[in-house]
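Biologist: I'm new to this one, so please pick a single part and take me through it slowly.

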Amino acid sequence: MKMPVLSSLVLSLAALSLTGATVATRTASAFSPRYLVQDGSVSAARERVASVGAVVERELGIVHAVAARLNPWQAQRLRAMSGVSVFADRTLSMRQSSGLLGGLTSTLTSTVSDAASSTLVTANQVPVVSSVTTSVVSAASGDSVPQDGTGVNTPTILYQTNYPMEVGANTLQQKGITGQDVTIAMLDSGLWQALTQNYGARILGTVDVTTAGSGPVLGDPYGHGTHITSIAAGGAVNISGNYLGIAPQANLVIVRAFNGEGAGSYVDVIAGLDWIVAHQHQYNIRVLNLSFGATPESYYWNDPLNQAVMAAWKAGIVVVVAAGNSGPSPMTIDVPGNVPYVITAGALTDNYTPYDLDDDRLASFSSAGPTYEGFVKPEVIAPGGHMVASMSSNSYLANIDPGSMNATQEMFTMSGTSMAAAVTSGVVALMLQADPALTPDTVKCRLLASARPGVTSSGTLAYSVFEQGAGLINAVSAVNSTMTGCANQGLNISADLAGTEHFGGPANQDVNGNFYVMNMAGSTWGGSQSADGYSWSTTFNSTQGYNWSAGYAWSQPYGWSEGYPWTNDYTWNTGYAWSKGYAWSKSVPWWGAGGSKASGSTPASIVPWVPNQ
């Protein structure tokens with residue numbers, strides 16, 4: 001039977017339409033989600049992406065991965081391939097507690113989150129802003145006692161920050177230990193160079209990896225990177241001859257991975273880490289500061305950002321990470337601060353009495369451990385309350401919170417574990433100038449061994465190890481320390497990165513919900529370690545200040561910095577079998593098996609805005 005011409009034409013058009021639809025479903029567009037595709041090597045990952053008709057946007061050699069935009073069909077095909085892990089590029093949004101930032105930041109968040117150009121992460125510790133607007137200021141005399149200012153536009157030459165004194169950096173500076181010849185890499189939102197900071201030739205290299213770029217850093221429209229860089233390595237000097245930063249003669253490498261609203265992607269951050277490790281020897285990069293974070297969505301070893309951070313540590317770079325601003329609740333440590341190898345810093349406030357150390361306290365926003373794998377975090381704490389540092393008055397942050405901006409002197413006040421991490425990075429640079437042969441593990445060991453825990457009037461710990469770690473860092477004691485072998489014991493970073501072995505820490509939780517450190521030795525392994533501060537009922541002393549004592553006698557020094565092979569299949573007392581998937585005490589979205597983000601999970605939120613403390 002001969003088919004009518006019209007019917008034949010309709011069927012042909014229908015077939016063409018179906019073919020076109022099939023092609024469309026198998027072709028990613030600029031609006032398709034971005035993924036990290038990981039295999040045994042970059043070339044293998046590139047071949048896998050090409051096999052499904054997708055285009056590689058960027059190579060991420062540090063984690064043997066590439067970035068590509070994939071449609072659902074392509075992502076499904078890749079996930080089904082043996083040896084391939086597929087990670088959705090995480091979407092993270094900025095959030096805040098209250099105040100003038102509420103409406104504006106929510107609007108900006110909505111706009112950024114809905115943008116089709118990329119999946120965004122927010123730079124953290126997203127600054128912590130408050131109505132307390134100015135720094136500690138001093139008169140021209142070096143003998144004057146600084147007072148907390150209340151809006152006075154004091155000339156920069158009269159400013160006196162107290163955080164170098166609080167950690168002992170000023171004493172080392174007077175001895176010529178200033179971080180000279182040690183390079184700190186700052187991976188953040190860029191750098192605006194105030195002339196008073198005396199950066200000059202100390203900036204050895206810069207790169208802007210945002211939007212797949214590779215050009216130099218031309219500024220810091222957001223402001224966060226400028227603030228923390230001046231804390232760690234600013235060279236400003238006041239009229240008394242005191243430095244305002246921690247390591248004022250350290251060299252710097254500036255990597256911009258966050259945009260003008262403080263947002264960036266996992267791909268950009270990992271690309272920045274890749275660049276840093278690749279240029280490590282060219283610029284003598286010994287320290288890496290990471291003042292950002294996100295809620296964990298997997299075990300530490302499955303997260304590609306954590307894998308990149310571990311690779312940097314293995315390469316010989318001391319990585320310092322902000323703990324997060326989600327405290328004082330337990331188990332609030334951010335990625336990548338949950339990596340057991342790195343130094344994770346919590347925050348202390350001087351309680352607005354800069355020269356009275358006896359009333360200093362842990363900042364209530366400072367995130368607490370343990371991590372989901374049982375590691376004690378943070379390891380140390382450092383000043384992070386109402387920190388004054390450099391920032392352009394034209395930056396995003398200065399414009400949304402003008403009350404915290406001293407526009408005349410281009411100084412901004414904010415709080416957060418971002419700032420605590422920057423202080424710690426500066427102290428590490430001082431340690432490495434004093435002894436360039438130190439390995440990352442030894443740096444961590446000596447930093448812990450020399451820290452001063454907060455203690456009560458009766459001599460017991462004021463905060464548990466899950467809140468303060470070993471305590472407040474002390475630069476002088478860290479430089480003078482001879483301790484070795486007291487950090488990262490029982491861990492194997494090579495096996496961890498190779499995927500042949502992973503590790504858990506000694507933290508546990510009893511039937512009443514209290515956290516404690518297990519006895520890791522002998523036949524009582526798994527039982528509670530009887531020691532001051534090793535058990536935590538999760539109560540937090542939010543207002544009382546304490547003495548930070550160098551004379552506290554640890555019952556088992558830093559045993560909680562150890563790990564054990566995950567293959568032990570240890571079952572928590574509460575019935576959680578971690579090797580089979582731990583049922584977290586709060587809702588946490590997970591990347592599913594094979595490293596792919598679990599379907600139906602919602603984006604995590606970045607560290608919240610909190611008031612200055």
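What follows is a close look at one sheet, then a helix pair, then a pocket.

Modeller: Sure. This is a predicted model, where local features need pLDDT of at least 70 and side-chain atom pairs count only at pLDDT 80 or more, while totals for chains, interfaces and linings use all residues. Residues are numbered from 1 along each chain as its sequence is written, and side-chain values use heavy atoms, with hydrogens and water left out.

Let's begin with the sheet. Four strands form an open sheet in the order β2-β3-β1-β4, with antiparallel pairing (strands are DSSP E runs of at least two residues and helices are H or I runs of at least four, both numbered from the N terminus; two strands pair if DSSP finds at least two bridges between them). β2 (56–60) and β4 sit at the edges with a single partner strand each, so one side of each has no neighbour in the sheet. From one strand to the next, the twist averages 25°. β1 (residues 34–38) and β4 run antiparallel and are joined by four bridges; Gln 38 has Ser 85 in β4 as its bridge partner.

Helix α8 packs on this sheet, touching β1, β2 and β3 (65–69), and its direction makes about 45° with that of β2 (contact means heavy atoms within 4.5 Å; axes are lines fitted to C-alpha atoms, for helices over the stretch in contact, and angles run from 0 to 180 degrees between N-to-C directions).

α8 (residues 266–278) also packs with α10 (residues 304–314), at about 10° and with the axes 10 Å apart. The two helices are therefore roughly parallel (that label is for angles under 35 degrees; over 145 is roughly antiparallel, 65 to 115 roughly perpendicular and the rest oblique). Tyr 266, Val 269, Ile 270, Leu 273 and Val 277 in α8 meet Pro 304, Leu 305, Ala 308, Val 309 and Ala 312 in α10. That contact has ten nonpolar residues, no polar and no charged (Ala, Val, Leu, Ile, Met, Phe, Trp, Tyr, Cys and Pro count as nonpolar, Asp, Glu, Lys and Arg as charged, the others, Gly among them, as polar).

Now the pocket. β4 (85–88), α10 and α16 (493–498) each supply at least two residues to the lining of the largest pocket (on a 1 Å grid over the protein atoms alone, a pocket is an open set of points with protein on both sides within 12 Å along at least five of seven lines, and lining residues have an atom within 4 Å of a point). Of its 22 lining residues, Gln 38, His 64, Gln 307, Leu 497 and Ala 498 lie nearest the centre. The lining's classes are eight nonpolar, eleven polar and three charged.

Note on methods: On a 1 Å grid over the protein atoms alone, a cavity is a set of points where a 1.4 Å probe fits but cannot get out, and a pocket is an open set with protein on both sides within 12 Å along at least five of seven lines; lining residues have an atom within 4 Å of a point.
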